[in-house]
Amino acid sequence: MKILRTVAEITEFAKAAQQAGKVIGLVPTMGALHEGHLTLMRTAREKCDVVIASVFVNPVQFGPNEDYDAYPRRFEEDCQKLESVGVDAIFHPEPKEMYPEGYGTYVNVESAFTGKLCGGQRPGHFRGVATVVTKLMNLSRAQEAFFGQKDAQQVLVIRRFVKDLNIQVNINMVPIVREESGLARSSRNAYLSPEEKTAALVLSRSLKKAEAAYEAGEKSVEALKKVVREEIATEPMAVIDYVELYSFDELKEIETVNGESLLAIAVKIGKTRLIDNIILG
């Protein structure tokens, strides 16, 4: 497994793989890897000849009051995990390598769905995501890229700019990986105290209740959102950022669930903001 730290190094590695006729898979991450990330790597390994994982805490997707400095960084541990699942190369640049002095180009996705959910709560977030993912796709020369369903809106944003900019990369969305308790795996779970981690189970529990109601015949969007809100309200440590239910994958406003739809929530447990979702229909 190679560790690539510069643009020149990843460019050389990717060019050699491409010239050898290899199918290149890209899995962008910010590190602090967990089983959810490793599932992405395994999926990429099954589908591609060469797998490149990036480990880069991207400064331009964090707002001024967000957790960029505190975001967990565990590179040596991440390397061991990536080697165990057969990743071929890790791209681990410094911020100045990705955004050198004088850098001034950003990818801004202006779509009806970018201002909803996390896009509405975190202005500028998807501008940063779209910019870094575009750069990573260009550098890796990937034909396949892999992202988790937990960040479903992010997947839609990426699919939109890939289509709009005619980038020849297939975007794969891999289902959410959960702990045995039901908690969606996330690097930010590391912020939670044991008490907060127990409280955080209300996210998956509320979604499961809504899913049960849907399967029992409830199709009203407001009724399903109410099921989620009422369950979250039973946890004193939980503060709702949003509970929304939209069509998938356009994130259009709907009154009833008549096709594939995304039920997405963001909840603060203490100082930690967690997201989760399920797809109905």
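This report describes a three-stranded sheet with its packing helices, and then the surroundings of P95, in a predicted model.

**The sheet**

Strands β7, β8 and β9 form an open sheet in the order β7-β8-β9, and their pairing is antiparallel. The edges are β7 and β9, each of which pairs on one side only. On average, neighbouring strands of this sheet are turned by 15° against each other, direction ignored. Between β7 and β8 there are nine bridges, and these two strands run antiparallel. E244 has A264 in β8 as its bridge partner. In general, the strands of a sheet pair through backbone hydrogen bonds, in either a parallel or an antiparallel manner.

**Helices on the sheet**

Two helices are listed here with their angles to a strand.

| Helix | Residues | Strands involved | Angle |
|---|---|---|---|
| α9 | 201–215 | touches β7, β8 and β9 | about 20° with β9 |
| α10 | 221–232 | lies across β7, β8 and β9 | about 160° to β7 |

Helix α9 packs on the sheet. The angle for α9 refers to β9, whereas that for α10 refers to β7.

**P95**

P95 belongs to helix α4, which spans residues 95–98. Its relative accessibility is 28%, so P95 counts as partly exposed; the limits for this class are 20% and 50%. Leaving aside residues up to four places away in sequence, P95 touches F56, P59 and Y68. From P95 to A212 the separation is 117 residues in sequence and 45 Å in space, taken C-alpha to C-alpha.

Key. Residues are numbered from 1 along each chain as its sequence is written. This is a predicted model: local features need pLDDT of at least 70, side-chain atom pairs count only at pLDDT 80 or more; totals for chains, interfaces and linings use all residues. Side-chain values use heavy atoms; hydrogens and water are left out. Helices (H or I, at least four residues) and strands (E, at least two) are DSSP runs, numbered from the N terminus. Buried means under 20% relative accessible area, exposed over 50%, partly exposed in between (1.4 Å probe, protein chains only). Contact means heavy atoms within 4.5 Å. Two strands pair if DSSP finds at least two bridges between them. Axes are lines fitted to C-alpha atoms, for helices over the stretch in contact, and angles run from 0 to 180 degrees between N-to-C directions.
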